[in-house]
Amino acid sequence: MDSINLRARDEAFIREVEKESGQNISTCYQCGNCTAGCPCGPVYDLQVNQIMRAIQLGDKKTVLEAASPWLCVSCSTCSARCPNDIDVARVMDTVRHIGRREGKTKYVINAFWDSFLQTVRFCGRSYELGIMALFMLRTGRFYTDLDLAPRMLPKKKMPYLPHLIRGKAAVSRIFKRFNDMQQYDD
Ligand code: SF4
Ligand code: SF4
C-alpha cells in the first residue's frame, strides 16, 4: 500500500465518511474479504480494503483521487462478505458523493453519470440513445463504441425515441428537491 500517504491524517474526513455512510470504519481489521469478492478488483487502482485503510488513516487525498470508487458497480458483494458487518458498498457510495461535492471526480465517469441522470430527470427513466448523445457532447468522444450501433439498433436494444413514464413529473420533482437541498446546504 505504498501509495497511501501516512502523514496526511484528516480527522474531519474520517468523521464525514462515518457520519454519511453510517458505518464504523475503525472496526475494519483488513482481512481482505471485501477485496477477494469484488468483481471490479482487476481494474481498480486501489483495492477496496485499501480504500478502507486509507479512510482509517484519514488520507483524503488518496481516497478522492482513486479511480476505484468510480469504477465500483455497487454490487454489494463487499458488504455481504465483511465479517464486521460494515456496509462497504455504502462507504464507496459515500466517497463518490464527497468526491462529487468537492469536484474531485474522474471526468469521463462523471460525464456518464450526469448524462444518465439527465435522461432520468426528463424521461422518468433512462434513455440509452440520449445518454450516448449527451455523453459524446460532454466528452467529445464522438466515435467511442460507435461501431456497436449497427448491431444494437436492429435488435431494438436502443430505441430511437425515449419512453416517457406516467410518473415522469414525480421523478422530476425528486431532482428538484435534491437541487433545492443542495442550495440550502451551501
Ligand atoms: S460494491 Fe463495489 S467495491 Fe463492493 S464488491 Fe461490488 S464493485 Fe466491489
Ligand atoms: S471485509 Fe470488512 S473487515 Fe475485512 S477488509 Fe473489508 S471492510 Fe475490512
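For the views below, Ala, Val, Leu, Ile, Met, Phe, Trp, Tyr, Cys and Pro count as nonpolar, Asp, Glu, Lys and Arg as charged, and the others, Gly among them, as polar.

**View 1. The shell of residues around ligand 2 in the predicted model.** Fifteen residues make up this shell, and of these 15 the ones that come nearest to the ligand are Cys-28, Cys-31, Asn-33, Cys-34 and Cys-82. Two elements each give two or more residues to the shell, namely helix H2, which spans 33-37, and helix H3, which spans 48-56. Sorted by character, the residues around ligand 2 comprise nine nonpolar, five polar and one charged.

**View 2. Ile-174 in helix H11.** The helix that carries Ile-174 covers residues 168-185. Ile-174 counts as exposed because the number of its C-beta neighbours inside 10 Å is 11, where the cut-off for an exposed residue is 12 or fewer. Although 53 residues separate Ile-174 from Arg-121 in sequence, the C-alpha atoms of the two residues are 8.6 Å apart in space.

**View 3. The protein as the setting for the close-ups.** The secondary structure consists of eleven helices and zero strands, so that the pattern read along the sequence is α-α-α-α-α-α-α-α-α-α-α. Taken along the principal axes, the box filled by the C-alpha atoms is roughly 50 × 40 × 30 Å. The protein has 186 residues, of which 23% count as buried. Where contacts join residues at least 6 apart in sequence, 67% of them are between residues at least 24 apart.

How values were computed: Residues numbered from 1 in each chain as written. Chains lettered and ligands numbered in written order. Predicted model: local features only at pLDDT ≥ 70, side-chain atom pairs only at ≥ 80, totals over all residues. Helix = DSSP H or I, 4+ residues; strand = E, 2+ residues; numbered from the N terminus. Buried ≥ 20, exposed ≤ 12 C-beta atoms within 10 Å, placed from the backbone. Contact = placed C-beta atoms within 7 Å. Near = placed C-beta within 6 Å.
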